[in-house]
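Welcome to this short tour. Please have your viewer open and your selection tool ready.

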There are 2 protein chains.
Amino acid sequence: MIIQLRLTSMLIERSINIMTKTKIKDTRRQQLIQASLESIAELGLQNTTILTISRRAGLSSGIISHYFGGKQGLIEAALRYLMAQLGQDLRQRLQQGEVSPEQRLNAIIEANFTDFQRSDLATRTWLSFWARSMHEPGLQRLQQINNARLYSNIRYAFALKLNAEAATDAARQLAAMIDGFWLRSALSLDPQEGFSAGERLCKQFALTALAEGT
Amino acid sequence: MIIQLRLTSMLIERSINIMTKTKIKDTRRQQLIQASLESIAELGLQNTTILTISRRAGLSSGIISHYFGGKQGLIEAALRYLMAQLGQDLRQRLQQGEVSPEQRLNAIIEANFTDFQRSDLATRTWLSFWARSMHEPGLQRLQQINNARLYSNIRYAFALKLNAEAATDAARQLAAMIDGFWLRSALSLDPQEGFSAGERLCKQFALTALAEGT
DNA sequence: GACGAAGTTGAATGATCATTCAACTTTTGT
DNA sequence: ACAAAAGTTGAATGATCATTCAACTTCGTC
């Protein structure tokens, strides 16, 4: 009887502990990811240190190694977060009953030019990640997954109307154009204008390319 | 008489000294720029130190501050060198008597996909510079000049056949597409294939855009 | 309220790096 | 051959930074 009670209460206690632990864990992780994105946007990945992140999050420096195993782990988690955000925007736009190739392409383009994606926070961070991923396998793998996903989403839409070769060509062109507008806008003096024009001109290209194949 | 001789010899001496000095100076500067590009390509801008550069150039670490005033000065000089190379390739291709808009656009595209430009050395370095220029005004200024030059060269060619608005749109699209193929190729597992396809698809787009306006 | 576990701190450590400059070597002019 | 100038070296310096961990605080449980 007593043993039974002890065991039960121990189980309850443990599960409560685990729940609390993971909740706090998730909160801290999110705080730190957010702070690191802000720091990267403001200071650049180059000048972002464990101290600029932890101070911004209102936490101590040691906590980063505790939750992410080190600075590198946090940086990769931040990139994963940006990619997840992009994927979420896209899924949301594709599941609103739109099915025509034009609508599908528009949704993809819009997802890549979301308010969030065009924020300083996102643009500067993406660019920093792009550069560093050339020399860090962990980041490079993530970038390649992301690039491949954009391309294959676009290609699928084009292939609904175009033959295989034309779809491949158009998809590569549009994917490059999207990334190119991103890059040029991020580097320009007036990023917002660049993004607006980029969204318009990408849609325009998509329409033209679809029309040509018919 | 004696005084006259002294003055003359002093002038000769000085001019020889200056000639020798600038020759050695130019040689060393070029050595160091080359070494820094190689180091950036291999290790990334992040991991490039004054030691990795100077050891690769077979010189001592102190020499960099002596000729460039510091690491930062050398990095900017290296970017200037890449930009000059690009400008030279373009000028060479445009001054071969080609005048039609198609030929002009092809020349611009080819200059951006030169063997040199698609080398690891160039791609990785450009990408590193892109990222860092967001947070360093000196580099940012240079990048903006380069971006503006590519755009206005393209726009000029389109404007020979298209009206003002169509030329602006097409130029922005093509400029973005060129940069985008660059970026995606640099990050891909098989950069050479990406560059080849990029060159072909950019030319294809340029032709289509020119044809549409007529 | 006291005990143990979970969560957090930040000073100490060791490593890396750009810059400086006094000493050294090479080149040049006579 | 020699003195002065130009060119080069690399050890010393001071600064920055990621990581570690012993000590501290907070929280949940009885």
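The stops below go from the whole pair of chains to a single side-chain pair.

This is a predicted model, in which local features need pLDDT of at least 70, side-chain atom pairs count only at pLDDT 80 or more, and totals for chains, interfaces and linings use all residues. Residues are numbered from 1 along each chain as its sequence is written, chains are lettered from A and ligands numbered from 1 in the order written, and side-chain values use heavy atoms, leaving out hydrogens and water.

**Both chains.** Select chain A and chain B: a turn of 180 degrees with a shift of 0.0 Å along the axis lays B on A with an RMSD of 0.1 Å (least squares on C-alpha atoms of residues with pLDDT of at least 70 in both). The two copies are therefore related as by a two-fold rotation axis.

**The interface.** Now pick the contact residues (heavy atoms within 4.5 Å): 44 from chain A and 44 from chain B. Together the chains bury about 3,800 Å², 56% of it on carbon and sulfur atoms (accessible area, 1.4 Å probe, lost on being put together, summed over both parts). On the chain B side, highlight Met134(B), Arg184(B) and Leu187(B), which lose the most area to chain A, together 20% of what that side buries.

**A salt bridge.** Keep Arg184(B) and add Asp179(A): their side chains form a salt bridge at 2.5 Å, N to O (a side-chain nitrogen of Lys or Arg within 4 Å of a carboxyl oxygen of Asp or Glu). The count between chain B and chain A is six salt bridges.

How values were computed: Buried area = accessible area lost by both parts, 1.4 Å probe.
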